[in-house]
Amino acid sequence: MLILKKKFLGLHKTNKRLVIASIIGGLSSLSILLDADNLLSLLITITTICLIALTAYGFKDKFLFLKTVVCLYFISFCLSGFLFLIWSFFNVPGLIVSGSTFYFDISPLILILSTVFCYLLIKFIFFILAKINKPSLFYKVTVSREKTVCNLTAKLDTGNSLVEPFTNIPVVVANFDTISALLTKNESLFFQNIKNNKNNCVLLNTLRVIPFNTISKSGTLFAFKADYIQINNIKKEAYIAICPNNEISGNFDVLINPDLL
């Protein structure tokens, strides 16, 4: 369910956070041991959903958090409705209903196998949808930082799987000259020193190290966090990695990660 919501809203969070949120959701099932009325059950459900949303996706602003909670509740409601339909019309062994909560009295082996099956099924569905909705090659994008905006032409790079290591947020690759308007004076000087092969470059706290590997070489890029990148009228989180020597060439300005689509 958390993976579905992650894909639906285009969020990019680490699987570790999703696992912790899933554990919280599993522990909330112990509420069946409480002799709770309908109002208390509703409060427990809302509190659990809010806690899961905070754990899995963090808190950026009130609107995004509200959208996250509503989406999570909606997906949960749809899955519960589907299970209720099965329970109403079919005599499913091991399916127990308590209030608005469903429990499965099944062996650990069946639980593990069914979990793996559902995960693979979801991945397969996303794979088929990606094939059906094959993205175009070029996009008009807007990158914003500190109230400065750049309108650029982006090329989809299917080989670009770069992410910021700690947050797992996708990385966009751009030439220094293309994106220099969004850099601070200290950042501009930092990249100019790299271009001039100076060895006294001190990493700024506004930049992140992005390791990369290609067929021809490997190394590191340095990236800043954009306020947002807008693609197809949708704003998303992204880091912008800089090529100091302007190594990107062609009739486009930046290379975007497929995960941003």
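**Exercise 1.** Which side chain meets that of Lys225 in a salt bridge? Place the salt bridges of this predicted model in the fold.

*Solution.* Start with Lys225, whose side chain meets that of Glu237 in a salt bridge with an N to O distance of 3.6 Å, which counts because the cut-off between a side-chain nitrogen and a carboxyl oxygen is 4 Å. This pair links distant parts of the chain, since Lys225 belongs to strand 7 (residues 218-225) and Glu237 to the loop between strand 9 (234-236) and strand 10 (239-243), 12 residues apart. Lys225 has a relative accessibility of 28% and therefore counts as partly exposed.

Next, take the total, which by this rule comes to two salt bridges. Arg145 and Glu187 form a salt bridge through their side chains, at 2.7 Å from N to O. Here, too, distant parts of the chain are linked, with Glu187 in helix 7 (residues 185-195) and Arg145 in strand 3 (residues 138-145), 42 residues apart. Both Glu187 and Arg145 are buried.

**Exercise 2.** Work out which residues of helix 7 are buried and what covers them.

*Solution.* First list the buried residues of helix 7, which are Glu187, Ser188, Phe190, Phe191 and Asn193. Then look at their cover, which includes strand 3, helix 6 (176-179), strand 6 (207-213), strand 7 and strand 10.

Now turn to Asn193, which is found in helix 7 and counts as buried because its relative accessible area is 14%, while the limit for a buried residue is under 20%. When neighbours within four places in sequence are left aside, Asn193 is in contact with Lys198 and Cys201. Finally, the residue Asn197, which follows helix 7, has a positive phi near 60 degrees.

**Exercise 3.** Find the residues with the most contacts inside the largest nonpolar core, and describe the surroundings of one of them.

*Solution.* The largest nonpolar core has 27 residues, and those with the most contacts inside it are Phe224, Ile240 and Ile256. Strand 4 gives the most to this core, with four residues. Not counting residues up to four places away in sequence, Phe224 touches a set of residues that includes Ile179, Leu182, Leu183, Leu207 and Ile240. Among the residues that Phe224 touches are also Arg145 and Glu187, whose side chains form the salt bridge at 2.7 Å. Apart from this core there is a second, separate one of 14 residues, which includes Val173, Phe212, Leu221 and Ala241.

**Exercise 4.** Locate the nonpolar surface patch and the elements that build it.

*Solution.* The patch covers about 690 Å² and is made by Leu39, Leu40, Leu42, Leu43, Ile46, Tyr73 and Phe77. Two elements, helix 3 (38-57) and helix 4 (62-89), give two or more residues to this patch, and the largest share, five residues, comes from helix 3. Tyr73 lies in helix 4 and counts as partly exposed because its relative accessibility is 39%. As background, an α-helix has 3.6 residues a turn, so residues three or four places apart point the same way.

**Exercise 5.** Where in the fold do Asn168 and Asn232 lie, and what are their phi values?

*Solution.* Begin with Asn168, which lies in the loop between strand 4 (148-156) and strand 5 (171-175) and has a positive phi near 65 degrees, although this residue is not a glycine. Asn168 is partly exposed, because its relative accessible area is 30%. Asn232, likewise not a glycine, has a positive phi of about 55 degrees and lies in the loop between strand 8 (228-231) and strand 9.

Conventions
Residues are numbered from 1 along each chain as its sequence is written. This is a predicted model: local features need pLDDT of at least 70, side-chain atom pairs count only at pLDDT 80 or more; totals for chains, interfaces and linings use all residues. Side-chain values use heavy atoms; hydrogens and water are left out. Patches are made of residues with over 30% relative accessible area and no salt bridge: like charges are joined within 9 Å, nonpolar side chains (Val, Leu, Ile, Met, Phe, Trp, Tyr) within 5 Å. Accessible areas come from the Shrake-Rupley method with a 1.4 Å probe; for residues, only the protein chains shown count as cover. Buried means under 20% relative accessible area, exposed over 50%, partly exposed in between (1.4 Å probe, protein chains only). Contact means heavy atoms within 4.5 Å. A nonpolar core is a set of buried Ala, Val, Leu, Ile, Met, Phe, Trp, Tyr and Cys residues joined through side-chain atoms within 4.5 Å.
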